[in-house]
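Work through the exercises below with the sequence and the model open beside you, and try each task before you read its solution.

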Amino acid sequence: MQALIWDLGGTLVDTYPDVDRALASAIDPRPGSELLHEVALLTRVSSSHAISTLAARHDVSEHRLRTAYEATKQHWQEHPPPVTAGARDLLTAVRERGGMNLVCTHRDRASALALIEALDLRIDDLVCAPDGYPRKPDPAMVLALLEHHDLPPEDCLAVGDRPADVAAAAAAEVRGVLLETPGVPLEAGGAARVGALHEVLSLLSD
């Protein structure tokens with residue numbers, strides 16, 4: 001296994017609790033578990049999908065929801081979200097096997113680098129959709145990483161928390177792994193499913 005291709009927010013970094021609460025609080029200042037679950041079902045598709053859907057359902061402006069979402073990024077500058085449980089061990093295991101840890105994300109480069117640096121995450125390369133790549137499930141970012149590092153897709157693994165992540169991997173002929181959120185049903189196609197990142201360790205030598 002020559003490389004593990006990571007999604008960033010929601011996979012390598014546990015951003016969902018902050019994002020879900022921010023969007024829910026833009027609808028109800030004291031959101032209950034039902035609203036938080038509704039938001040979670042939508043953000044696992046994409047933040048843009050969540051914002052547009054919630055705006056229509058709850059008669060809240062998209063601008064208000066987008067502002068709440070962007071405020072989380074400002075908050076993270078001083079209080080970054082935690083690294084997802086098991087991620088550091090998996091990063092280390094990949095390095096110890098001589099592999100690379102690569103990231104492809106929809107996040108803008110400045111925001112992505114700020115998170116990576118604040119959390120002291122050792123990665124080998126990063127591609128960001130705002131740099132000129134189409135968003136997942138388009139495989140362009142995955143293909144770019146394969147090309148940049150001359151990697152055969154069959155010797156790589158891609159882990160993400162959304163159907164778009166594993167669909168992009170599949171389109172690039174890379175094995176995908178879906179990190180599931182409890183209580184949030186997601187399509188994974190033919191990708192493997194895990195409930196926690198430590199479960200990916202057993203797949204590194206497959």
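**Exercise 1. Backbone angles after a helix**

Task: find what kind of phi the residue Asp120, which follows α6, takes, and decide whether Asp120 is buried or exposed.

Solution. Start at the end of α6, which is followed by Asp120 with a positive phi near 55°; helices here are DSSP runs of H or I with at least four residues, strands are runs of E with at least two, and both are numbered from the N terminus. The model is a predicted one, in which local features need pLDDT of at least 70 and side-chain atom pairs count only at pLDDT 80 or more, while totals for chains, interfaces and linings use all residues. Residues are numbered from 1 along each chain as its sequence is written, and side-chain values use heavy atoms, with hydrogens and water left out. Next, place the residue: Asp120 sits in the loop between α6 and β3. Most residues other than glycine have a negative phi, and most peptide bonds are trans. Finally, Asp120 counts as exposed at 60% relative accessibility, where buried means under 20% relative accessible area, exposed over 50% and partly exposed in between, with a 1.4 Å probe and protein chains only.

Then look at the loop between α3 and α4, where Asp59 lies. Asp59 is not a glycine, yet its phi is positive, about 55°, and Asp59 is exposed, with a relative accessible area of 74%. For the peptide bond, go to the loop between β3 and α7 (140-148), which holds Pro137; the bond from Lys136 to Pro137 is cis, with omega near 20°.

**Exercise 2. The two sides of a helix**

Task: list which residues of α6 (residues 109-118) are buried, and work out where they lie around the helix axis.

Solution. First, collect the buried residues of α6, which are Ser111, Ala112, Leu115 and Ile116. They cover an arc of only 130° around the axis, which puts them on the same side of α6; the arc is that of the directions from the helix axis to the C-beta atoms. Now turn to the face away from this buried side, where Ala110 and Glu117 are exposed. The cover over the buried residues includes α4 (62-78), β2 (100-105) and β3 (125-128).

Repeat the steps for α5 (residues 87-96). Its buried residues are Ala87, Leu90, Leu91, Ala93 and Val94, and because they fall within an arc of 165° seen down the axis, they line one face of α5. Asp89 and Glu96 are exposed on the other side of α5, whereas the cover of its buried residues includes β1 and β2. Just after α5, Gly98 takes a positive phi of about 80°.

**Exercise 3. The nonpolar core**

Task: name which residues of the largest nonpolar core touch the most other members.

Solution. A nonpolar core is a set of buried Ala, Val, Leu, Ile, Met, Phe, Trp, Tyr and Cys residues joined through side-chain atoms within 4.5 Å. In soluble globular proteins, nonpolar side chains tend to be buried together. The largest core has 45 residues, of which Trp6, Leu12 and Leu23 touch the most other members. Helix α5 gives this core its largest share, five residues. A second, separate core of 17 residues includes Leu151, Ala168, Ala169 and Ala172.

**Exercise 4. Empty space**

Task: state how many cavities of 30 Å³ or more a search of the whole structure finds, and which elements each supply at least two residues of the lining of the largest cavity.

Solution. On a 1 Å grid over the protein atoms alone, a cavity is a set of points where a 1.4 Å probe fits but cannot get out, a pocket is an open set with protein on both sides within 12 Å along at least five of seven lines, and lining residues have an atom within 4 Å of a point. Grid points are joined across faces, edges and corners, and a volume is the space filled by probe spheres set on the points. The search finds one cavity of 30 Å³ or more, and the largest cavity holds about 70 Å³. β1 (3-6), β4 (156-160) and α8 (163-171) each supply at least two of its lining residues. For the open spaces, the largest pocket holds about 360 Å³, and among its 21 lining residues Ser47, Tyr69, His106, Arg107 and Arg162 lie nearest its centre.

Definitions and conventions. Contact means heavy atoms within 4.5 Å.
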